[in-house]
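The following exercises concern one protein chain and its ligand. Each task is followed by a solution in steps.

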Amino acid sequence: MDGPPSPGWADPARRYADGDARRGPGAAERAEVTATVFAVANQKGGVGKTTSALNIAAAMTELGCAVLVVDLDPQGCLTFSLGYDPDAVSPSLNDIVVGRATLVETIVQHGEIDVAPANIDLAGAEVTLLSRTGREYLLRGELVELLDSYDVIIVDCPPSLGVLTINGLTAADQVLVPVQCETLSHRGVSQLLETVGDVRRLTNRNLEVRGLVATMFDPRPRHTREVLRDLVARYELPLVGPPVRKSIRFAESPTAGVSLVGAGTGVPGAAAYRAIARELLGLPVDEDLLAAAGWSREQRDEILGLVEIVDE
Ligand SMILES: Nc1ncnc2c1ncn2[C@@H]1O[C@H](COP(=O)(O)OP(=O)(O)OP(=O)(O)O)[C@@H](O)[C@H]1O
Ligand SMILES: [Mg+2]
């Protein structure tokens with residue numbers, strides 16, 4: 001895949017060959033663990049889906065959750081970002097589609113989180129799936145046996161509304177929609193919401209849109225804040241956590257093989273993902289964390305339409 005070479009690929013050898021996926025800290029004591037499955041989706045490319053999936057997963061791990069991330073994108077960016085060579089991981093998601101492996105056999109135990117890796121072979125799998133009965137349910141069926149092994153499963157969808165994204169939405173309890181606050185953002189959101197409507201009617205009636213994650217946010221231009229306010233109001237979608245500030249550190253982190261949150265950095269964007277993770281888990285988010293994310297009560301009121309947007 002494109003991009004700078006990793007300084008040294010991680011060893012993907014530590015798999016659950018016996019089919020026994022990771023159980024989170026304290027899982028043995030929990031009577032019943034049933035994972036909540038989040039799909040991170042927006043067919044618009046480059047809006048921060050993979051970055052959000054990874055950093056939310058890392059923040060949830062910090063909070064003691066057992067987390068699996070599923071790379072549903074043939075670009076394999078999530079796989080790459082955790083330090084694995086997408087071209088070398090085997091088996092990967094494509095092997096599930098062609099019946100050579102089960103999802104549990106593909107899982108790699110990364111230092112931070114477990115990952116079901118993908119690579120470009122998945123593009124071929126997409127074509128194979130098209131002629132398959134029940135093609136929308138493949139991932140859902142594979143996740144069933146993992147639901148009691150994880151607290152949270154996060155599925156990173158590709159930038160399309162094709163059969164892979166439909167698999168992610170069909171397998172999910174909730175969909176998170178990362179948006180970059182610029183003029184054309186609402187087009188991607190409206191198309192995605194139409195697809196979510198179809199999925200609800202046809203393959204997963206319980207799918208819930210959890211809300212928007214505002215990514216690469218620069219609060220200075222009035223326009224950015226207006227776009228975010230418009231998205232929240234127009235689609236009546238909650239904004240999950242504070243907007244994630246733009247930071248070059250996000251672009252740098254994939255070559256390190258760990259997420260920015262996992263690297264323990266204190267940049268505002270990492271704090272924002274920690275706040276988002278807490279909100280998704282139903283945990284309180286205190287003002288200190290919001291302040292560390294560079295987010296204030298005034299900005300929140302402005303976006304929610306409670307006060308007028310003024311030039312900074
Ligand atoms: N908060 C941020 N600040 C600055 N850069 C960011 C931020 N979040 C993500 N990026 C960068 O933006 C680019 C696109 O992000 P990412 O790969 O997460 O988007 P995506 O929606 O998954 O893309 P695709 O549609 O291709 O799957 C990456 O280079 C990433 O490092
Ligand atoms: Mg991506």
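For the assignment of residues to elements, helices (H or I, at least four residues) and strands (E, at least two) are taken as DSSP runs, numbered from the N terminus. The model is predicted.

**Exercise 1. The chain as a whole**

Task: State how many helices and strands the protein chain has, and describe its burial and its contacts.

Solution. Step 1: the protein chain holds 13 helices and 7 strands. Step 2: the chain has 312 residues, of which 51% count as buried. Step 3: among contacts in the protein chain with a separation of 6 or more, 79% join residues 24 or more positions apart.

**Exercise 2. The shell around ligand 1**

Task: Determine which element gives the largest share of the shell around ligand 1, and how the residues of this shell divide by character.

Solution. Step 1: ligand 1 is surrounded by 19 residues, and the closest are Lys49, Thr50, Thr51, Pro159 and Phe250. Step 2: two or more residues of the shell are given by each of the elements α1 (49-62) and α10 (248-252). Step 3: α1 supplies the largest share, 3 residues. Step 4: by character, the shell around ligand 1 comprises 7 nonpolar, 9 polar and 3 charged residues.

**Exercise 3. The packing of α8 with α9**

Task: Classify the packing of helix α8 with helix α9 as roughly parallel, roughly antiparallel, roughly perpendicular or oblique.

Solution. Step 1: two packed helices are described by the angle between their axes and the distance between the axes. Step 2: for helix α8 (residues 185-202) and helix α9 (residues 222-234), the angle is about 20 degrees and the axes are 10 Å apart. Step 3: angles under 35 degrees count as roughly parallel, and α8 and α9 are therefore roughly parallel to each other. Step 4: the crossing in which α8 passes α9 is right-handed. Step 5: α8 contributes Ser185, His186 and Val189 to the contact, while α9 contributes Val227, Asp230, Leu231 and Arg234. Step 6: the residues of this contact divide into 3 nonpolar, 2 polar and 2 charged.

**Exercise 4. The surroundings of Cys157**

Task: Locate Cys157 and decide whether this residue is buried or exposed.

Solution. Step 1: the loop between β5 (152-156) and α7 (163-171) contains Cys157. Step 2: a residue is buried if 20 or more other C-beta atoms lie within 10 Å of its own. Step 3: Cys157 counts as buried because it has 28 C-beta neighbours inside 10 Å. Step 4: apart from neighbours within four places in sequence, the contacts of Cys157 include Ala39, Val40, Ala41, Lys49, Leu72 and Asp73; Leu164, Thr165 and Gly168 are also among them. Step 5: Gln43 is 114 residues from Cys157 along the chain, and the C-alpha atoms of the two are separated by 8.3 Å.

**Exercise 5. Backbone features in loops**

Task: Identify the geometry of the peptide bond from Ser90 to Pro91, then assess whether Met216 and Glu236 are buried or exposed.

Solution. Step 1: the bond from Ser90 to Pro91 is cis, with omega near 0 degrees; Pro91 belongs to the loop between α2 (77-81) and α3 (93-97). Step 2: Met216, a residue other than glycine, has a positive phi, near 50 degrees, and is placed in the loop between β7 (208-215) and α9. Step 3: Met216 is buried because 22 other C-beta atoms lie within 10 Å. Step 4: Glu236, also not a glycine, has a positive phi of about 50 degrees and sits in the loop between α9 and α10. Step 5: a residue is exposed if 12 or fewer other C-beta atoms lie within 10 Å of its own; Glu236 has 7 and is therefore exposed.

Notes. Residues numbered from 1 in each chain as written. Chains lettered and ligands numbered in written order. Predicted model: local features only at pLDDT ≥ 70, side-chain atom pairs only at ≥ 80, totals over all residues. Near = placed C-beta within 6 Å. Nonpolar A, V, L, I, M, F, W, Y, C, P; charged D, E, K, R; others polar. Axes fitted to C-alpha atoms, helices over the stretch in contact; angles between N-to-C directions. Parallel < 35°, antiparallel > 145°, perpendicular 65-115°, else oblique. Left-handed = near helix turned anticlockwise from the far one by under 90°. Contact = placed C-beta atoms within 7 Å.
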